[in-house]
Amino acid sequence: MRAWWVEEPGPIASGPLRMGERPDPSPGPGEVLLSVRACGVCRTDLHLAEGDLRPRAARRIPGHEVVAEVVGLGTGSTRFRLGDRVGAAWLARTCGSCRFCRRGSENLCLSPTFNGWDTDGGYAELMVAHQDYVYPLPEVFSDEKAAPLLCAGIIGYRALRCSGLPRGGRLGIYGFGGSAHLTAQMAIYEGASVYVMTRSAAAQQLALELGARFAGPAEADPPELLDAAILFAPVGGLVSVALRALDRGGTLAVAGIHLSDIPVLDYQKDLFQERHLRSVTANTRTDGLEFLALAEKIPLRPTTVAYPWTKADQALLDLSRDRFTGAAVLLRSS
């Protein structure tokens, strides 16, 4: 098969990705073999390529927003049939036996694996995934539109729930890329007022088109205090900015897997009056199922930019330089 892999992590402009041929993978017990039709381009892929997240193995194939067709079944794999359209997301496996898995918090599993980090992902013609961690996809979404749902959407959904936003409340969103623009739609659908702070003028315009009450620069003060906020931009310096925009008792949820250093916080200005700061770690399969049902019900309108599969390196470079709004998706020609 043809695939892209991280040859040597480094600045994306230096060309850390390589494209070439790799042996076709074979599904093990309980696994499915997937023919990749589309793969979303996530900022986590950029962190992997540049070394902010060190690849867990040499020549790792990125990609965890995978829309694919089931073309092979491992021993004991009965959940799907050949020809089914499915999605593979960030979470590849959990142990099922640690204290977190037993209490239903598999996102905090002590020994998880992740697609495109621990295992080879969707920047390839073929990949394998365990049947229990693969999702059936709503038919209302094309391959291109379904791809960003599988990480950007799921993580945005969990971040929204972790923010503790009350129904009809005021939500601040910092950064407005692939995940944020889906989260804003969910919040608005559920009756929230959304205020977007982002450096990109094009992203500000998209936010307003999607129904945000306000869109301004990343460090702008929203026109009123917020009940909750989500930080999507991987910029630690925005933590205090977002905390100070919260009303008493509000929560800031940090949605990224990587964040630059957070400057020293001022307890009185940033945290006092029961303001909360929390991270968002991966997701559970329940999050994924709940989110996909909500996405179909709304239905969500992902803003996507399609790239040929052969342009994965260009897509990541454009992502690093904020050259598009919404989410980039790699599409394989049939």
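**Note on Gly256, a helix pair and a pocket**

1. Leaving aside its neighbours within four places in sequence, Gly256 is in contact with Leu231 and Val280; the model in which this appears is a predicted one. Gly256 has its place in the loop between strand S14 (246-254) and helix H8 (267-271). From Phe232, Gly256 is separated by 24 residues in sequence, while the two lie 6.0 Å apart in space, C-alpha to C-alpha.

2. On solvent accessibility, Gly256 has a relative value of 33% and therefore counts as partly exposed, since that class covers what falls between buried, under 20%, and exposed, over 50%.

3. Turning to the helices, H1 (residues 43-50) packs with H10 (residues 312-320) at an angle of about 100 degrees, and their axes are 10 Å apart. That angle makes H1 roughly perpendicular to H10, a description used for angles of 65 to 115 degrees. On the H1 side the contact is made by Arg43, Asp45, Leu46 and Ala49, which meet Leu316, Leu319 and Ser320 in H10. By character, the residues of this contact of H1 with H10 divide into 4 nonpolar, 1 polar and 2 charged.

4. The second largest pocket holds about 220 Å³ of space. It is lined by 16 residues, of which Thr119, Asp120, Met127, Val128 and Ala129 are the closest to its centre. Strand S6 (91-93) and strand S8 (126-130) are the elements that give two or more residues to this lining, and the largest share, 5 residues, comes from S8. Taken by character, the lining of the second largest pocket divides into 9 nonpolar, 3 polar and 4 charged residues.

Conventions: Residues numbered from 1 in each chain as written. Predicted model: local features only at pLDDT ≥ 70, side-chain atom pairs only at ≥ 80, totals over all residues. Heavy atoms only, no water. Axes fitted to C-alpha atoms, helices over the stretch in contact; angles between N-to-C directions. Helix = DSSP H or I, 4+ residues; strand = E, 2+ residues; numbered from the N terminus. Parallel < 35°, antiparallel > 145°, perpendicular 65-115°, else oblique. Contact = heavy atoms within 4.5 Å. Nonpolar A, V, L, I, M, F, W, Y, C, P; charged D, E, K, R; others polar. 1 Å grid on protein atoms, 1.4 Å probe; cavity = no way out; pocket = protein on both sides within 12 Å on 5 of 7 lines; lining within 4 Å. Points joined across faces, edges and corners; volume = space filled by probe spheres on them. Buried < 20%, exposed > 50% of the residue type's maximum accessible area, 1.4 Å probe, protein only.
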